[in-house]
Amino acid sequence: MGLLIGMGQTTPQFPYDYYYGVEWDVTVSNTNKTRIGKPQLHVDLPCQNQMRRCIQNDDGTVNYYLHANDSTKRDNGAAAALDGTDGQFMVELPDVYMRFEMDGSKRRALMSPQPLPGFIKWSKDYVSAVEATVDRTNSKLAAVVNETAQYRGGGNHSAWDELDKSELGMPATEISLTNFRNLARARNSSDTDKRWNCNTYQIHRKLSWLYTIEYANSNCQLAFNAQLTEDGYHQGGLGSGVTTVSSGDWNTFNGYHPLVKCGATVSLGNHTGVISYSLPASFGSGYVSVSVPSYRGVENPFGHIWKWTDGALCAIESGAEGLSKFYVCDTPSKFSSSITSDYEYRGNLPRSSGYVKSLILGEYGEIMPLEIGAGSTTYFSDYFYTDIPSSGTATRGVLFGGNAHFGANAGFVSAYTNNSPSTTYASIGSRLCFSAIEAA
């Protein structure tokens with residue numbers, strides 16, 4: 001924290017003048033974080049304010065940006081095509097420079113729009129504005145608002161097309177992590193860097209810290225509040241999200257397949273907000289609405305369906321003395337469904353399920369739990385799921401976010417480590433991502 005930069009100037013400049021972030025004490029249960037760094041940067045939010053929806057070509061270039069207040073329009077006011085004809089419906093995430101500190105019981109997450117001593121660069125990348133579906137004609141993962149059979153979501157049940165439980169316009173599920181990876185990479189099969197992927201750990205982790213630093217809390221299900229504080233800071237959270245339906249009603253309705261069509265929040269543009277979405281009258285015992293959140297253009301960043309997340313794997317050992325080891329691969333072309341030498345050990349996970357009390361964190365800001373023992377409104381307020389194999393060591397993938405009946409358990413750091421990368425299920429989907437590759 002005491003590094004000097006700009007030493008050639010008459011008045012030395014400290015990192016204080018260039019970063020903003022949050023600090024918390026691991027012994028304190030309150031989910032609120034203390035804003036630190038330059039106060040004006042917490043008002044200006046120079047990193048978060050660069051997030052914007054766009055239409056992206058398969059070669060990774062941006063075809064055009066979308067209107068800040070209405071994603072059905074281009075930024076010049078002309079009509080936009082979100083149906084896949086012009087490209088994929090994505091959110092651009094800017095370069096950010098991050099530093100994570102552990103000082104006794106204090107933890108800090110620091111962010112800057114420019115390079116600083118001791119900060120690491122998280123390069124510009126892209127995440128789908130909507131949960132991913134599949135282009136069934138071309139076998140490619142897609143980020144679109146399209147209700148034709150070509151982009152039928154869920155489990156691709158064509159017999160449901162004329163029913164209330166139609167999967168037209170829905171995100172795709174019942175696909176394994178391995179197959180989500182392959183479908184994403186089919187967007188540009190000639191790209192040796194494999195930059196198109198399903199939801200990646202790096203991008204989900206980046207989104208989580210962008211939110212946490214902006215709102216200075218680790219409970220994303222706090223009620224949405226559009227009003228700024230007296231200091232000009234954002235407050236509240238993203239609301240409950242699509243997490244409040246009855247498990248029994250959902251199962252009876254469509255067997256836990258998706259409930260919310262892609263694009264429910266297009267009217268919000270790049271803004272954070274919540275849209276009320278009506279479920280069919282045949283769902284459950286009456287007419288039901290859910291609240292669909294968007295964080296700066298990223299629709300349903302938690303809740304609705306679990307998201308398979310690539311670049312993160314767990315080795316969970318059996319036995320009372322076993323360990324649950326967490327591994328990360330930062331190179332998309334090296335992603336695998338098994339733990340290879342390209343995966344770096346980042347820390348140990350809890351051996352039982354529970355609400356997240358503390359994070360592994362480390363120098364890369366890991367958002368997987370180090371300790372459980374919190375509650376739904378304390379510490380990190382999201383739930384961690386795991387189980388121990390009866391013998392040997394099990395390789396498990398990571399699902400993030402929770403689903404439509406998980407209630408307070410869902411959130412940015414809600415993680416599920418019970419499944420192998422080959423698992424498929426009706427309520428497990430993913431996102432589409434494009435990772436930037438720094439020039440050599």
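# Exercises on pockets, cavities and rings

In the largest pocket, β9 (120-122), α3 and β19 (306-317) each contribute at least two residues to the lining. The model behind these exercises is predicted, and every value below is computed from it.

## Exercise 1: The largest pocket

Task: State how much space lies in the largest pocket, and describe its lining by position and by class.

Solution: Begin with the volume, which comes to about 380 Å³ for the largest pocket. Next, turn to the lining, which consists of 22 residues, and pick out S123, Q202, D330, P332 and A436 as those that lie nearest the centre. Finally, sort the lining of the largest pocket by class, which gives 10 nonpolar, six polar and six charged residues.

## Exercise 2: The second largest pocket and R296

Task: Describe the second largest pocket, and then decide whether R296, which is found in its lining, is buried or exposed.

Solution: The first step is the volume, and here about 220 Å³ of space lies in the second largest pocket. Its lining is made up of 14 residues, with N49, N270, H271, T272 and R296 the closest to the centre. The elements that give this lining two or more residues are α3 and β14 (224-225). By class, the lining of the second largest pocket divides into six nonpolar, six polar and two charged residues.

The second step concerns R296 itself, whose place is in the loop between β17 (289-295) and β18 (298-299). Since buried means a relative accessible area under 20%, R296 counts as buried because its relative accessibility is 9%. The backbone of R296 also deserves a look, for its phi is near 50°, a positive value in a residue other than glycine.

## Exercise 3: A positive phi in a strand

Task: Find the element that holds L361, and decide whether this residue is buried or exposed.

Solution: Look first at the element, which for L361 is strand β22 (residues 354-361). Then take the relative accessible area of L361, which is 1%, so this residue is buried. To finish, check the backbone angle, where L361 shows a positive phi of about 60° although it is not a glycine.

## Exercise 4: The largest cavity

Task: Say how many cavities of 30 Å³ or more a search of the whole structure finds, and work out which element gives the largest share of the lining of the largest cavity.

Solution: The search of the whole structure finds three cavities that reach 30 Å³ or more. The largest cavity has a volume of about 100 Å³, and 14 residues line it, with S208, T212, S218, F412 and V413 lying nearest its centre. Two or more residues of this lining come from each of α3 and β26 (411-416), and the largest share, four residues, is that of α3. Sorted by class, the lining of the largest cavity holds eight nonpolar, five polar and one charged residues.

## Exercise 5: Aromatic pairs

Task: Give the count of aromatic pairs, and compare the geometry of the pair W196 and F434 with that of the pair Y211 and Y215.

Solution: The count comes to 24 aromatic pairs. In one of them, W196 and F434 are 5.0 Å apart from centre to centre with 65° between the planes, which is an edge-to-face arrangement. This pair links distant parts of the chain, with W196 in strand β13 (residues 196-198) and F434 in strand β28 (residues 432-434), 238 residues apart. Both W196 and F434 are buried.

In the other pair, Y211 and Y215 are stacked, with 5.0 Å centre to centre and 20° between the planes. Here both residues lie in helix α3 (residues 201-215), four residues apart, which is about one turn of the helix. Y211 and Y215 are likewise buried.

As a last step, note that ring pairs also link W306, Y355, Y383, Y385, F406 and Y416 into a cluster.

## Exercise 6: Charges over rings

Task: Determine which ring the charged end of R52 sits over, and where K33 lies.

Solution: The charged end of R52 is placed over the ring of Y65, 3.5 Å from its centre. K33, for its part, lies over the face of F380, at 4.7 Å from the ring centre.

## Exercise 7: The whole protein

Task: Decide whether the radius of gyration of the protein agrees or disagrees with that of a compact globule.

Solution: A compact globule of 440 residues would have a radius of gyration near 22 Å, and the protein has 21 Å, so the two agree. Along its principal axes, the C-alpha trace spans about 70 × 60 × 45 Å. The protein contains four helices and 28 strands, and buried residues make up 57% of its 440 residues.

Note on methods: Residues are numbered from 1 along each chain as its sequence is written. This is a predicted model: local features need pLDDT of at least 70, side-chain atom pairs count only at pLDDT 80 or more; totals for chains, interfaces and linings use all residues. Side-chain values use heavy atoms; hydrogens and water are left out. Rings of Phe, Tyr and Trp (its six-membered ring) pair if their centres lie within 6.5 Å; planes under 30 degrees apart count as stacked, over 60 as edge-to-face and the rest as tilted. Buried means under 20% relative accessible area, exposed over 50%, partly exposed in between (1.4 Å probe, protein chains only). A charge sits over a ring if NZ of Lys or CZ of Arg is within 6 Å of the ring centre and within 35 degrees of the ring normal. On a 1 Å grid over the protein atoms alone, a cavity is a set of points where a 1.4 Å probe fits but cannot get out, and a pocket is an open set with protein on both sides within 12 Å along at least five of seven lines; lining residues have an atom within 4 Å of a point. Grid points are joined across faces, edges and corners, and a volume is the space filled by probe spheres set on the points. Ala, Val, Leu, Ile, Met, Phe, Trp, Tyr, Cys and Pro count as nonpolar, Asp, Glu, Lys and Arg as charged, and the others, Gly among them, as polar. The radius of gyration is taken over C-alpha atoms; the globule rule is 2.2 Å times the number of residues to the power 0.38.
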